Amino acid sequence: MKKYEQFNEKELMESAKIEATYYRALAFCQQSNYKDALQLLHEAAAFNHPMSLYSIGVLYENGYGVRKNYKLAASYYQQAAKLGAVKAIHNLATFYRRGHGVKQDLAQAVALYKKAMKLGEIELAPYNLGTMYFKGIGVRENTEKALELYKISADTGAAVAKFALGVLYYSNGMIDIGKSLINEATEIGNEHAILWSAVEEYYNNGDLNFLEVLNEMINSEVVPTETYVWLGVVYQNGIGVKVDTQKARQYYLKAIKLEKLVGCIEDPRAYKILAKQFSEEKGVFKKNAEREDFYLWLVTRYENTKLKRLLENTNI
């Protein structure tokens, strides 16, 4: 790669023009004018501008101004990652973890998260890698390693990491520290933390705003997977709605499907709810061959010492 002083005047002017095109595109994105933004990003991407390629990937991943397309998003992230775009490396890791647009490859996800961290992405990469260690996804389960990684992300102010770290402390008996971090994440606006607080309020005080919070969550841009678990509880027990066991089953199954696919439930209390659906007479699932595998997986994975105190002492 050329050093700055090795570029001639014409190359420097061209580079500045491409950079200006990229920033004009960002300005259009901030105005939600994704059509014009995409056109400019493609102009810059034609010159292998890493952040333009990355930004096109973001648009396709989220469906901003285009039809959501994980395969196309993955392609742009791969191109940007090859050119050294750290954010693209991080997002590509998440795609490999979840099997979005690429074949799921957990080892590759771990390697890319580590690479992103090495290149300076310490806001979300440590959190995501920490979650893999916490849940034993693609790596040997290691709570101490997860704690170390969550702390790195939380120190940058990342709300999702503060919440995860809070849950980890709470789960291991450090209730006050855990609650403090969860409250911090709630104030920042983290969806998982807001939902956690709503669940606490309902089970402790019978807060009838619980259903309202769930309805807001289900219509938000990022829907925490445990939202489906709590909606299952609402319809199973008739909390502010008519009892509908079939609807409860549908919500529980959606949560199960998402959890088995990418391990994205952040509130461990939700696992207790799901386990009860199999193990109790009033559960919506019968212990048959179709569901037995999930039940055994759930018990093996989550009824262990690291969550024992939380699961036993919760009012849920």
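## Contacts and the overall fold

Contact here means heavy atoms within 4.5 Å, and buried means under 20% relative accessible area. With those two terms in hand, let's walk through this predicted model.

The protein chain holds 17 helices and zero strands. Of its 316 residues, 47% count as buried. Looking at contacts between residues at least 6 apart in sequence, 50% join residues at least 24 apart.

## Helix H4 and its buried side

Helix H4 takes in residues 70–82, 13 residues in total. From first C-alpha to last it reaches 18 Å, close to the 18 Å expected at 1.5 Å a residue. Its buried residues are Ala73, Ala74, Tyr76, Tyr77, Ala80 and Ala81. These cover an arc of only 165° around the axis, so they sit on the same side of H4. On the other side of H4, Lys71 and Lys82 are exposed.

Which helices do the buried residues of H4 pack against? Their partners are H2, H3 and H5, and the next two sections visit these helices in turn.

## Helix H2

Helix H2 runs over residues 34–45 and has 12 residues. Its first and last C-alpha atoms lie 15 Å apart, close to the 16 Å expected at 1.5 Å a residue. Buried here are Ala37, Leu38, Leu40, Leu41, Ala44 and Ala45. Viewed down the axis of H2, the buried residues fall within an arc of 170°, and therefore line one face of the helix. A general point helps in reading such patterns: an α-helix has 3.6 residues a turn, so residues three or four places apart point the same way.

## Where H3 meets H5

Helix H3 (residues 50–62) and helix H5 (residues 86–98) pack at an angle of about 35°, and their axes are 10 Å apart. The crossing of the two is left-handed. From H3, the contact is made by Met51, Tyr54, Val58 and Glu61; from H5, it is made by Lys87, Ala88, Asn91 and Phe95. By character, the residues of this contact divide into five nonpolar, one polar and two charged.

## A loop residue, Val241

Further along the chain, Val241 is found in the loop between helix H13 (226–237) and helix H14 (245–262). Is Val241 buried, partly exposed or exposed? Because its relative accessibility is 23%, Val241 counts as partly exposed.

Leaving aside residues up to four places away in sequence, Val241 touches Leu211, Val234 and Tyr235. Leu211 is 30 residues from Val241 along the chain, and the C-alpha atoms of the pair are separated by 8.8 Å.

How values were computed. Residues are numbered from 1 along each chain as its sequence is written. This is a predicted model: local features need pLDDT of at least 70, side-chain atom pairs count only at pLDDT 80 or more; totals for chains, interfaces and linings use all residues. Side-chain values use heavy atoms; hydrogens and water are left out. Helices (H or I, at least four residues) and strands (E, at least two) are DSSP runs, numbered from the N terminus. The expected span of a helix is 1.5 Å times one less than its number of residues. Buried means under 20% relative accessible area, exposed over 50%, partly exposed in between (1.4 Å probe, protein chains only). The arc is that of the directions from the helix axis to the C-beta atoms. Axes are lines fitted to C-alpha atoms, for helices over the stretch in contact, and angles run from 0 to 180 degrees between N-to-C directions. A crossing is left-handed if the near helix is turned anticlockwise from the far one by less than a right angle, and right-handed if clockwise. Ala, Val, Leu, Ile, Met, Phe, Trp, Tyr, Cys and Pro count as nonpolar, Asp, Glu, Lys and Arg as charged, and the others, Gly among them, as polar.
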